[in-house]
Amino acid sequence: MNNSIDRQVLVLNRLWQPINLCSARRAIGLLFLGHAQAVGTFGEKQFSTHDFESWLRLEERPEDWPVVNTVSSCFCLPSIIVLAAFDRLPRKEVKFSRENIFQRDDYLCQYCRKKFDTRKLNLDHVIPRDKGGATSWENVVTSCIRCNTKKGNKLPKEAGMFPLKKPVVPRWRPLVGFRKELESHYHQSWRLFLDPNSSTVELSS
Ligand SMILES: [Zn+2]
């Protein structure tokens with residue numbers, strides 16, 4: 001309970017697309033400054049938007065909903081906020097990581113072009129490290145274990161194996177780059193915004 005102020009809040013842009021996570025502390029700050037509105041996520045208030053004042057007055061909430069107790073009141077923590085303007089929060093750079101390389105390459109082995117489960121994927125240095133290849137977005141690609149072994153530490157030319165796509169630094173887009181965080185902080189109320197297959201979200205005015 002004591003760290004509920006640091007729990008993660010889903011941040012939506014003006015088009016209601018998830019773009020980031022921030023701490024509840026930050027979310028309340030944005031709410032207070034009028035840079036964001038809290039999204040109602042329970043009861044009849046579902047998908048209604050609230051400014052700071054209206055959010056404070058929100059009475060109906062589930063028993064176990066996280067709150068912070070202030071001197072004068074019990075403040076219900078938002079789980080989703082929607083930004084009033086674009087780019088109020090700095091966009092995150094996509095972190096150079098194993099998982100994000102797989103995502104960039106759409107889980108396709110860049111050599112045999114087949115799709116694999118994460119467990120069956122590896123990273124391949126297009127130009128091998130011992131030949132001066134960097135560990136960077138531009139030189140590391142998704143490879144299945146078999147192709148990875150086959151290519152070994154040969155240059156693409158030597159192995160006759162060339163990546164399907166020229167590896168580049170991925171451009172930031174919603175959900176890429178923070179999927180792992182989303183999973184580890186997942187909150188039930190985020191479902192409709194994260195799962196494109198769930199039913200259409202109706203927005204109240
Ligand atoms: Zn392969």
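These exercises walk through the fold of one protein, each with a worked solution.

This is a predicted model, in which local features need pLDDT of at least 70, side-chain atom pairs count only at pLDDT 80 or more, and totals for chains, interfaces and linings use all residues. Residues are numbered from 1 along each chain as its sequence is written.

**Exercise 1. Take stock of the protein.**
How many helices and strands are there in the protein?

Step 1. Count the elements. The protein has seven helices and nine strands. Helices (H or I, at least four residues) and strands (E, at least two) are DSSP runs, numbered from the N terminus.

Step 2. Check burial. Buried residues make up 24% of the 205 residues. Buried means that 20 or more other C-beta atoms lie within 10 Å of the residue's own, with C-beta atoms placed from the backbone; exposed means 12 or fewer, and partly exposed is in between.

**Exercise 2. Place the five-stranded sheet.**
In what order do the five strands of the open sheet stand?

Step 1. Read off the order. It is 2-1-7-3-4, with mixed pairing. Two strands pair if DSSP finds at least two bridges between them.

Step 2. Find the edges. Strand 2 and strand 4 (49–50) each have a single partner strand, so one side of each is left without a neighbour in the sheet.

Step 3. Look at one pair. Strand 1 and strand 2 are antiparallel, over five bridges. Val11 has Asn20 in strand 2 as its bridge partner.

**Exercise 3. Pack helix 1 on its neighbours.**
Which residues of helix 1 (residues 24–32) are buried?

Step 1. List them. They are Ala24, Ala27, Ile28, Leu30 and Leu31.

Step 2. Find their side. These residues cover an arc of only 160° around the axis, so they lie on the same side of helix 1. The arc is that of the directions from the helix axis to the C-beta atoms.

Step 3. Recall the rule. An α-helix has 3.6 residues a turn, so residues three or four places apart point the same way.

Step 4. Go past the end. Just after helix 1, Gly34 takes a positive phi of about 80°.

**Exercise 4. Examine strand 9.**
Why is strand 9 (residues 140–144) largely enclosed by the rest of the structure?

Step 1. Count burial. Five of the five residues are buried, so the strand is largely enclosed.

Step 2. Sort the directions. Val140, Thr142 and Cys144 point one way, while Val141 and Ser143 point the other way.

Step 3. Find the partner. Strand 8 (residues 121–125) pairs with strand 9 in the antiparallel sense over five bridges. Leu121 stands opposite Cys144.
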